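Reader: Please take one part of this protein and look at it closely. Then show me how it connects to what surrounds it.

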Amino acid sequence: MNAPRISMGDAEVSPSGGKRRRRRGQVAAVVVAVLALAGAGIALTDPFGAQTKTAPVESTAATGLAQVTKGALSARTLENGTLGYAGDYQVVNKASGTVTKLPAIGQTVGQGKALYRVDGKPVILLRGAYTSAYRDLSWGMEGVDVKQLNAALVTLGYATKDEIDPDSNYFGRQTYYALTELQDDVGLAETGQLPLGQAVFLPAEQIRVTKVSAVRGGSVAPGSVVLQASSTARQVTVALSASQQSDVAVGDKVTISLPNGRTTPGVVSSVGKVATKADDSTTVEVQIRPSKPKATGRLDQAPVQVSIVSETVKDVLSVPVNALLALAGGGYAAEVVEAGGAHRLIPVETGLFDDSAGMVEVTGEGLAAGQNVVVPAS
């Protein structure tokens with residue numbers, strides 16, 4: 001490309017005032033590199049001085065052209081993460097006897113099914129988030145433990161909502177009959193009572209066994225942890241630098257790069273508020289829910305990369321980041337090439353930076369979509 005001739009507009013250049021000052025240091029580094037490529041002539045000629053409106057600037061650096069575009073930009077944070085399953089539950093046994101059957105690690109068990117067996121009798125998994133089992137349950141009793149039993153029986157289809165109010169904390173006739181049907185299905189005596197140790201309540205309708213502590217054939221006592229489990233819901237966990245906590249919010253959209261090279265969308269489901277210090281870093285835990293769980297496969301504890309969309313702007317003008325030129329008096333400009341081939345600097349204010357696209361939101365008097373701007377030759 002021939003050496004450009006550059007003129008300045010009348011607008012007074014203001015110091016940089018981008019919307020995201022936290023990104024400015026990074027951009028400045030990019031701009032310094034650009035100036036090194038393009039030659040220091042622009043800055044040295046003080047292009048915004050009153051007498052330099054038509055001062056030509058000669059440069060021998062190789063350059064190319066890019067267009068000013070209009071559309072949407074998104075700010076992203078790229079982080080390492082771990083793909084696994086949500087939840088971490090300890091299964092505390094309440095029965096006494098000999099363990100006669102245990103699930104395998106990785107096995108999934110749904111509520112209403114036998115989770116393990118003691119003295120040959122099944123211990124049933126039931127969904128319940130209010131409380132752990134701590135007493136026998138029978139007709140006429142009340143409490144939140146009865147309430148979660150009623151809800152589980154309705155969910156499993158042993159009673160309708162007309163027969164049992166799932167929010168009721170009363171163990172009535174319908175609870176009795178529904179419980180006998182459940183006991184019949186799993187091979188227990190149809191007593192209509194739920195003795196302590198016959199069921200385990202966990203806050204999930206289906207769990208995935210992650211660790212087995214008990215030993216088949218060994219004795220088990222009430223209060224011992226027999227196994228650990230997660231839910232079957234997929235989750236990505238990111239240890240985010242505590243200094244970036246305010247950059248990420250629940251609901252932010254992300255792109256997950258999987259070990260097989262494919263990508264899949266997700267959404268930030270929680271952002272930790274308690275920082276953890278390890279080695280020389282302090283982090284908070286960010287949890288992400290994949291929008292297409294099946295696309296994540298079955299890998300557990302697999303390393304992934306997460307691109308978190310922390311902010312999006314629409315219908316804005318943007319240019320490549322390397323089109324920004326640092327001005328000697330502060331602020332930035334874009335070098336626009338007019339239709340006739342003339343070059344002129346347009347002072348710009350920067351907004352949101354889209355790192356993945358290499359673009360930056362800009363505003364400036366005389367700047368319009370479709371214009372050509374000078375960038376370093378690739």
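Author: What follows starts with one helix and then moves outward.

This is a predicted model: local features need pLDDT of at least 70, side-chain atom pairs count only at pLDDT 80 or more, and totals for chains, interfaces and linings use all residues. Numbering runs from 1 along each chain as its sequence is written, and side-chain values rest on heavy atoms, with hydrogens and water left out.

Start with the setting. The protein has 4 helices and 23 strands. Helices (H or I, at least four residues) and strands (E, at least two) are DSSP runs, numbered from the N terminus. Of the 378 residues in the protein, 44% are buried. Buried means under 20% relative accessible area, exposed over 50%, and partly exposed in between, with a 1.4 Å probe and protein chains only. Contacts (heavy atoms within 4.5 Å) often reach far along the chain. Among those between residues at least 6 apart in sequence, 69% join residues at least 24 apart.

Now the part itself: helix 3, residues 144-155. Its length checks out. The expected span is 1.5 Å times one less than the number of residues. For the 12 residues of helix 3 that gives 16 Å, and the end C-alpha atoms are 16 Å apart, which agrees. Just after the helix comes Gly-157, with a positive phi near 90°.

Helix 3 is mostly covered, with 9 of its 12 residues buried. Those residues are Asp-145, Val-146, Lys-147, Gln-148, Leu-149, Asn-150, Ala-152, Leu-153 and Val-154. What do they pack against? The partners are strand 8 (121-127), helix 4 (173-186) and strand 9 (199-202).

Gln-148 deserves a closer look. This residue of helix 3 is buried, at a relative accessible area of 1%. Set aside its neighbours within four places in sequence. Gln-148 then touches Arg-127, Gly-128, Ala-129, Tyr-130, Thr-131 and Phe-201. With Tyr-130 there is also a polar pair: a polar atom of the Gln-148 side chain lies 3.1 Å from the backbone nitrogen of Tyr-130. The cut-off for a polar contact is a pair of N or O atoms within 3.5 Å; within protein, one must be able to donate a hydrogen and the other to accept it, and residues adjacent in sequence count only if both atoms are side-chain atoms.

Asp-145 gives the helix a charged link. Its side chain meets that of Arg-135 in a salt bridge, 2.6 Å from N to O. Arg-135 sits in the loop between strand 8 and helix 3, and Asp-145 in helix 3, so the pair ties together parts that are 10 residues apart in sequence. A salt bridge is a side-chain nitrogen of Lys or Arg within 4 Å of a carboxyl oxygen of Asp or Glu. How exposed are the two ends? Asp-145 is buried at 3%, whereas Arg-135 is partly exposed at 25%.

The whole structure holds 4 salt bridges. One of them joins Arg-208 and Asp-300, at 3.2 Å from N to O. This pair links distant parts of the chain, 92 residues apart: Arg-208 in strand 10 (residues 206-212), Asp-300 in the loop between strand 17 (281-290) and strand 18 (302-320). Arg-208 is buried at 13%; Asp-300 is partly exposed at 30%. Another joins Arg-344 and Glu-338, with the closest N and O atoms 2.3 Å apart. Here Arg-344 is partly exposed at 22%, and Glu-338 is partly exposed at 29%.

Strand 10 leads on to a sheet. It is an open sheet of 4 strands, in the order 4-12-10-6, with antiparallel pairing. Its edges are strand 4 (89-92) and strand 6 (108-110), each paired on one side only. The twist averages 40° from one strand to the next, taken between lines fitted to C-alpha atoms, with angles from 0 to 180 degrees between N-to-C directions. Strands count as paired if DSSP finds at least two bridges between them. Strands 6 and 10 run antiparallel and are joined by 3 bridges. In one of these strands, strand 10, Gln-206 is the bridge partner of Gly-110.

Two loops close the tour. Most residues other than glycine have a negative phi. Asp-119 is not a glycine, yet its phi is positive, about 55°. Asp-119 lies in the loop between strand 7 (114-118) and strand 8, and is partly exposed at 46%. Gln-301, also not a glycine, has a positive phi of about 60°. Gln-301 lies in the loop between strand 17 and strand 18, and is exposed at 57%.
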